[in-house]
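Q: I have a structure here and would like to go through some of its labels with you. Could you show me the reasoning behind them, step by step?

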Amino acid sequence: REDTEKKPELDMARVNQELIVKEDDFLKDYVAKNDTAFKKTDSGFWYKVEKQTQGKQIKNGDVCIISYKLYLLDGTLLEEVSDLSVTVGRKEVITGLDMGLELMRKGETAWFIIPWNLAYRLKGYENLVPPYTSVMYEVEVTE
């Protein structure tokens, strides 16, 4: 009886893992075709720093003020937010963006390509991002 109760969860985990691998291959191709300046992190998202500074390196627990633009990978602008206060590491933003902020310095602008499993996952985001959809952020850390 226990085996049958656990089986659907194991099947879903396997399916999600297969989807993650498939999306990773898709994003590798996307970067190769669109902008090879992006670098992949060990966590599985891609980034490039567009405007570099010598500002303070952001670390877990820091409070920073960010502005961002959220895009679909086809370039569709979905949302633009200014002056959002974020405490890094507190999951106040999606996982990929939270991790990405730690790669930045105050005053920098960076782009992140975030796979669905580190973005809005299977739920999506309001009526903007469908389930299982990778997204792209342009982020500026203003403070």
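Q: What makes the approach of the S67 side chain to the backbone nitrogen of D83 a polar contact?
A: In this predicted model, the side chain of S67 comes to 3.2 Å from the backbone nitrogen of D83. The cut-off for such a pair of N or O atoms is 3.5 Å, so the 3.2 Å pair qualifies.

Q: Why is S67 called buried?
A: Buried means under 20% relative accessible area, and S67 has 15%, so the label fits. S67 sits in strand β3. Setting aside residues within four places in sequence, S67 is in contact with V81, S82, D83, E138, V139, E140 and T142.

Q: How do you know that E79 has no salt bridge?
A: A salt bridge needs a side-chain nitrogen of Lys or Arg within 4 Å of a carboxyl oxygen of Asp or Glu. For E79, the nearest side chain of opposite charge is K69, and that is 13 Å away, so the condition is not met. E79 is buried all the same, and its place is in strand β4, residues 77-87.

Q: Which side chains make polar contacts with the side chain of E79?
A: Y68 is one partner, at 2.8 Å. Y125 is another, at 2.7 Å. Both values lie within the 3.5 Å cut-off, so both pairs count. Beyond its neighbours within four places in sequence, E79 is in contact with Y68, K69, L70, Y125 and L128.

Q: What makes R14 and E18 a salt bridge?
A: Their side chains meet at 3.1 Å, N to O. The limit is 4 Å, so this pair passes. R14 and E18 are four residues apart in helix α1 (residues 2-34), which means about one helical turn separates them.

Q: Are R14 and E18 buried, exposed or partly exposed?
A: Partly exposed is the range between 20% and 50%. R14 has a relative accessible area of 45%, so R14 belongs there. E18 is at 46%, so E18 belongs there too.

Q: Why are D24, K28 and K40 called a network?
A: D24 takes part in two of the pairings, so the three residues are linked through salt bridges. D24 and K28 meet at 3.4 Å, N to O, and K40 meets D24 at 2.8 Å, N to O. That second pair links distant parts of the chain, with K40 in strand β1 (residues 39-40) and D24 in helix α1, 16 residues apart. D24 and K28, by contrast, are four residues apart in helix α1, about one helical turn.

Q: How do you know which residues of this network are buried or partly exposed?
A: D24 has 17% relative accessible area, so with a limit of 20% D24 is buried. K28 has 39% and is therefore partly exposed. K40, at 36%, is partly exposed as well.

Q: How many salt bridges does this rule give?
A: The count comes to six.

Q: Which residues touch the most other members of the largest nonpolar core?
A: Of its 29 residues, these are L70, L101, F112, I114, Y120, Y137 and V139. At least two residues each come from β3 (63-72), β4, α2 (95-101), β5 (109-114) and β6 (135-141). The most come from β3, which gives five. A separate core has 10 residues, including L27, V31, Y71 and M136.

Definitions and conventions. Residues are numbered from 1 along each chain as its sequence is written. This is a predicted model: local features need pLDDT of at least 70, side-chain atom pairs count only at pLDDT 80 or more; totals for chains, interfaces and linings use all residues. Side-chain values use heavy atoms; hydrogens and water are left out. Buried means under 20% relative accessible area, exposed over 50%, partly exposed in between (1.4 Å probe, protein chains only). Lys and Arg count as positive and Asp and Glu as negative; His and the chain ends are not counted. A polar contact is a pair of N or O atoms within 3.5 Å; within protein, one must be able to donate a hydrogen and the other to accept it, and residues adjacent in sequence count only if both atoms are side-chain atoms. Contact means heavy atoms within 4.5 Å. A nonpolar core is a set of buried Ala, Val, Leu, Ile, Met, Phe, Trp, Tyr and Cys residues joined through side-chain atoms within 4.5 Å.
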